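This report covers a contact between two chains and a pair of packed helices. The sequence and structure come first.

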4 protein chains.
Amino acid sequence: MTCNFVKELSPRLIEWRRSLHALPELGFMEYITTYRIGKELEALGFKLFVGRDALDEESRMGVPPESELKTHELKALEWGVEVSWLEQMRGGNTGLVAIWDTGKKGDHVGFRFDIDALPINESLDSKHFPAKHQFVSREQNVMHACGHDGHTTIGLGVAHYIATHHDHLAGRFTLLFQPAEEGGRGARAMVAKGWLDDVDYFYSGHIGIQTLPVGTIAASTPGFLASTKYNAYFKGVSSHAGINPELGKNALLAATTAANNLYSIPRHHDGVTRVNVGRLVAGSGRNIIPEDSYMEIEVRGETVEIAEYMAEKATRILQAAADMHDVTCTIEPVGLTEVVVCNEELIPKITEWCAESEYVKEVLPSVTVSGSEDVSLMMNRVHKHGGKATYMLFGTKLDHPHHHPVFDFQEEVLLVAVDTFISIIKGGSGLID
Amino acid sequence: MTCNFVKELSPRLIEWRRSLHALPELGFMEYITTYRIGKELEALGFKLFVGRDALDEESRMGVPPESELKTHELKALEWGVEVSWLEQMRGGNTGLVAIWDTGKKGDHVGFRFDIDALPINESLDSKHFPAKHQFVSREQNVMHACGHDGHTTIGLGVAHYIATHHDHLAGRFTLLFQPAEEGGRGARAMVAKGWLDDVDYFYSGHIGIQTLPVGTIAASTPGFLASTKYNAYFKGVSSHAGINPELGKNALLAATTAANNLYSIPRHHDGVTRVNVGRLVAGSGRNIIPEDSYMEIEVRGETVEIAEYMAEKATRILQAAADMHDVTCTIEPVGLTEVVVCNEELIPKITEWCAESEYVKEVLPSVTVSGSEDVSLMMNRVHKHGGKATYMLFGTKLDHPHHHPVFDFQEEVLLVAVDTFISIIKGGSGLID
Amino acid sequence: MTCNFVKELSPRLIEWRRSLHALPELGFMEYITTYRIGKELEALGFKLFVGRDALDEESRMGVPPESELKTHELKALEWGVEVSWLEQMRGGNTGLVAIWDTGKKGDHVGFRFDIDALPINESLDSKHFPAKHQFVSREQNVMHACGHDGHTTIGLGVAHYIATHHDHLAGRFTLLFQPAEEGGRGARAMVAKGWLDDVDYFYSGHIGIQTLPVGTIAASTPGFLASTKYNAYFKGVSSHAGINPELGKNALLAATTAANNLYSIPRHHDGVTRVNVGRLVAGSGRNIIPEDSYMEIEVRGETVEIAEYMAEKATRILQAAADMHDVTCTIEPVGLTEVVVCNEELIPKITEWCAESEYVKEVLPSVTVSGSEDVSLMMNRVHKHGGKATYMLFGTKLDHPHHHPVFDFQEEVLLVAVDTFISIIKGGSGLID
Amino acid sequence: MTCNFVKELSPRLIEWRRSLHALPELGFMEYITTYRIGKELEALGFKLFVGRDALDEESRMGVPPESELKTHELKALEWGVEVSWLEQMRGGNTGLVAIWDTGKKGDHVGFRFDIDALPINESLDSKHFPAKHQFVSREQNVMHACGHDGHTTIGLGVAHYIATHHDHLAGRFTLLFQPAEEGGRGARAMVAKGWLDDVDYFYSGHIGIQTLPVGTIAASTPGFLASTKYNAYFKGVSSHAGINPELGKNALLAATTAANNLYSIPRHHDGVTRVNVGRLVAGSGRNIIPEDSYMEIEVRGETVEIAEYMAEKATRILQAAADMHDVTCTIEPVGLTEVVVCNEELIPKITEWCAESEYVKEVLPSVTVSGSEDVSLMMNRVHKHGGKATYMLFGTKLDHPHHHPVFDFQEEVLLVAVDTFISIIKGGSGLID
């Protein structure tokens, strides 16, 4: 019985989650995380495609600088990642794809679990659950503040189910453990590798929608915004600010002028727009005309057209701000998410399949979230080939919003989510049902 | 005797000044002023070159729009300007050159008097001298607030002296009554006509330096800043601000971004810089994305190089601000002044020649003024051909600065200035001395 | 028969419209327009409340300056407006309310027609219909570019119908001919006078929605944005830009900084926002640090809360921009519109009543327009007292959008609109039908 | 003989310089540098006042954060700084004062040598002299790029001379080895301790003016600008940029608006002004409304009044930018330099005293440098009490400007500078001359 399976797995889910939470890794540097997942799935009998085999290296976006990658690779070795595994991932090629082919005729079902953490300094406050129970992040300024430790755990749970129940299942299962979801940087590289090209059904989801209690799920999520992420680098000429200010070409002023004008991109008649300059770093010293500046920018739109409108305006502003101050500007796209429409036919199915779950108490047809997710690239690829995809939400009370230093979720949601996926597997691919 | 001449002329000087003050005309629209000067000098026997004969039409800068010129031409007719004179000036070709050739061998001496007024609304306060004595400006928003009514009067006084004393003088005299000094727009067109090409000695000056009392003059003025004046026109696309803001191309934002960045042009190691956006008009209605904007700009520099540096930066900023908001930008140069160095040899001469004047009590070698004057173009042309030029200051107490709605000067300064010029004429070109 | 009535009235509708179009008047200066309407309705037997009797003087917003009002009052006299009528309107108290009480028991039905024009210079292009047919605006920079000449005409048509058919009607009719709809300035003053306090049914509408052909109408318009309009006046200190820039307090820089930051007010999660700086005028002359500046601003929001959020942010930015440049800021609210929800019960009724109209071919339940309209204040007042209100759209092909110098509409829409109102009157208040 | 003394000292000067260069320390963290200087002077017999005894703790400006100080204190221990010495300096109280009293009646002569390095990453290029000769900085992002390693070396040379020649000298010598000259942060704290209060003659100087060859010195330096340095911290509220932008209070926009407006502070009639935002750091992540921002600012003026004008304007702009975006602003003054006029009487004396130096080939009376130096605070204190102070320049060819990653100077200048100070000591305080 499912119920028993999840209940029995429950202690291990908690253990996995906490262990992952304690060692968070940023996008494209999930060396240890990938290794842990891989070793677990290898033992279960999955066919694995790790790192460079899981994604198209050239299609990654926003890869961290070489020096940072190297530092983390060394750390991975210290933490016991085998050299052969590391070789497979070296240079920021993290994540893996696990495949189970039942050998029986049936659908190809895909699942995606994202595994990366955020550059946030986790709170050590004793009231913060992970701190109190000693699984708080051991890394300064890195934290699982978006629940991807939970997502990875759910993926491991689903894998265990498949491996232990494959006799009762038909068709083929592809589990994508995706790196670098934050910033919309990793999905593109997995899509480019072709994993989604013949997927019939595709399911993914997120834990932590705060308006839903544990036990309530949403079968689809309209409202994702298309987005583009950029890094902009301005390069000018430094000069002594007291003696020869006229010799400088001020990269700081280019950036500040761009920032002020980016927020002024006109609203759009056809729907929601967003723009943010999330980070700006300029200059080297007080008495030096700033030679360099750097900005992290994102624009979003409710439709593809609006997102393109925003991107075109942003690019124009950045270039003109550079021209204005006679500096150069390099604009690097570092992330991309798309607008996506969940397949409506899956809603009644999920509702039906979960009806007997002990963990899923209620299935809402859809709950709107106006964020962005690069799973949209995967879903759109599936739809393009005639497959059906949806993105679900798994309710849990949240005392603080996502991306907050004391973000935490109720661990019971892990059981609900695993049981949702199991219900879907049984409902869609189970031989006996 | 000089003294008697000036004393006797004194009532007429006052009369001329007040009459000119009451009917001020803006640059290139001094139709009535030019006519009045011309009729006076014609009667004295000067050879006149009026309007189109006095300046090079193509070399004028910042000429008012056709419709405005037409309005003033009609008014000139109403005020009694003869049609033949108006024909000579039609289309903003004002000002005149008056020549007296003694027929005797001697130097060619040039004088320049500027005749235009400012777009300022003169105060009607009863404590304001022109208001109290009923010669306040009859024109709304036009005022002789820089003393050019005085300069014109001085020129008439000098002309009277020459005409009545030519028997005692040698050489040739050229009096330039220049239009459109404000904004540095008129000198260029007179220079282009060649009037300065063979001038041996050139004198001009300004009344109203507030640190000097009546009777004190300065023989030279270092410190003029080179300057360039621009009008910038941004043209975008209007749109309903509520319904389709995304369809607009915002000419107001281009102008405001340009304005903010213009003031940020870096200071210069080699000397004084200035920048000002003196006027900005944008948009047509509250709920319309602004389609048009217009700015009046000037930049200045202590040297030619600095002025060019400022102009290059300003132009770059204007163009980039337009690009940033996807609008077009037309930059029209509308004024120009140069750096100039007064000829030092003239300082002791003026001092010597004025020693016996009853009106000139003290001659200072030089007083620095950090303004800009397009007489600089004339002086530089004279210097280029080996002539000698200087620009003088005539002291008078000022209760309010130049360009102020209650600007006024002590009328005694007119006598001092006329006697300075007479002393120079006698000293430099007099047969008996 | 209705049909015959409208058909017979048709030449007069055209005549009224063209006559009104030729003599457009800006908000609170509709002296001649009000007089013309009044004389027409007086002859029909309506009870009139003109000017100061029609609106609450103190509740008007954005009243033009005294001098401008005076100029237009003089012109009104020249155009033949009777002195007694002018006295009633003097000081910008335009518009009128016309009442017809049938004496029979029945509902109190209100209609609103707005009568003001826009500060736009109408095209004289011979392809522009009003120019071709010689009823183009005789006023420079004033134009009926939003169809209020049509609205006024429709009101006159409706009044004729009531006056000629009152025997067949029951209840009471109040026709509000509202001044100063542009800028959301006039409705508030009519509401404050109490005209809407006991209205049972309230109908208004707009001609010219471009997606609907002539003959198609919409029975309701969701989507109006709440808005607030401001004028902001910055007052600094002028100074010579070359000589003493440090003595100036730059009102232009305060305005440009405010403008750039106003457009940066963050988007809102809960709905649509808008912000526009529609006009900015600063400074007096090129070489003077600008002492004064002036901005026309509006903010909008999809809900009252969002509109208040926008207004709070805007006010804060304006004040801080003034502080930044050490100038003062006066913020004057000059317009207000509200969010409004059309009463849904009226949709099937209008549809039913218009079913037999020869002019109304199709009734759409609703068409969304994301503009702002101060009729919202009237409708909300009606709803507050339990009445029912809606705002309709009357389709016509438009070759150019509203507020455009060649805006024009198909005059057939006037017949459609009049017949819509007649159908409503007959349906709702007719004794025989 | 002097000549022999300097020649013999020369290898040690080179050794000291290179050793100091290899281990640069930033302002208020010169723990090892101070210790090295101290041990050397202690051995020579100077009376020492170290760290907390050398400066007034409360009067320091721009002290680094506690955590950074701690890190460097630990490193100092690792490098062998004795605990008792470290205790004396703990918490950023670096630098020392060394006194030699000859016991003979005579003047009190003060010398100042600054000892801190800059946050610049030294080039490892093999053509860079320190790299080639293996004394390049061992610290990432810390470099002696302004020659203070040379200044410290010169101070050690001067101390050696005094200690070995005290029999021939009269009066008292105070050597101030000042921390944190960069940013104008350290002099104030030494002045506050009273060291300059009874100094009769005060000498300091800088190596590396590029227009002078080795062997040429300037006896005085007019043109120092008064300056104030600030750090500004903006604190807002973060929010998810996609989901709830309206909940954020954007500290980045406050900083960028401030930056753009700071550069717009008007030029000043009375003299040179400067303003620079040398560093700006804002925000934490791309999709988060920035909660924090930080700016490093400096303003300068040719006179005290102009510097105060600039500081007042800057403070106003920062506060208003914070208000505009509803964030808080903390403005921390972190540095101060004054305008200073070198005592002219010292120029002929220095010229005379150096006449017989084998190293000083030429003494120029003065060379203008328009930078800022906090030695100005010391000199002004000396002048206030009737003493005489000057600041000299020691020529050396520079292939790259100060503050450049490949900055280097000709080591021969060290000999010239030491011999200049020796000449001054002998000339001013020598018993035998």
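In this predicted model, strand S8 of chain B and strand S8 (residues 273–282) of chain C run antiparallel and are joined by three bridges. Within this pairing, Val281(B) stands opposite Val281(C) in S8(C).

The strand pair belongs to a contact between two chains, to which chain B gives 40 residues and chain C gives 41 residues. Three elements of chain B give two or more residues to the side that touches chain C: helix H8, strand S8 and strand S9. Their residue ranges are listed below.

| Element of chain B | Residues |
|---|---|
| Helix H8 | 251–262 |
| Strand S8 | 273–282 |
| Strand S9 | 292–301 |

Which element supplies the largest share of the side of chain B that touches chain C? S8(B) does, with eight residues. By class, the residues on this side of chain B are 17 nonpolar, 16 polar and seven charged.

The second topic lies in chain A. Two packed helices are described by the angle between their axes and the distance between the axes. Helix H10 (residues 346–353) of chain A packs with helix H12 (residues 412–429) of chain A at an angle of about 105°, and their axes are 9 Å apart. H10(A) and H12(A) are therefore roughly perpendicular to each other, as angles of 65 to 115 degrees count as such.

On the H10(A) side, the residues that meet H12(A) are Lys349(A), Ile350(A), Glu352(A) and Trp353(A). In H12(A), their counterparts are Ser423(A), Ile424(A), Lys426(A) and Gly427(A). The contact of H10(A) with H12(A) divides into three nonpolar, two polar and three charged residues.

Conventions: Residues numbered from 1 in each chain as written. Chains lettered and ligands numbered in written order. Predicted model: local features only at pLDDT ≥ 70, side-chain atom pairs only at ≥ 80, totals over all residues. Contact = placed C-beta atoms within 7 Å. Helix = DSSP H or I, 4+ residues; strand = E, 2+ residues; numbered from the N terminus. Nonpolar A, V, L, I, M, F, W, Y, C, P; charged D, E, K, R; others polar. Pairing = 2+ DSSP bridges. Axes fitted to C-alpha atoms, helices over the stretch in contact; angles between N-to-C directions. Parallel < 35°, antiparallel > 145°, perpendicular 65-115°, else oblique.
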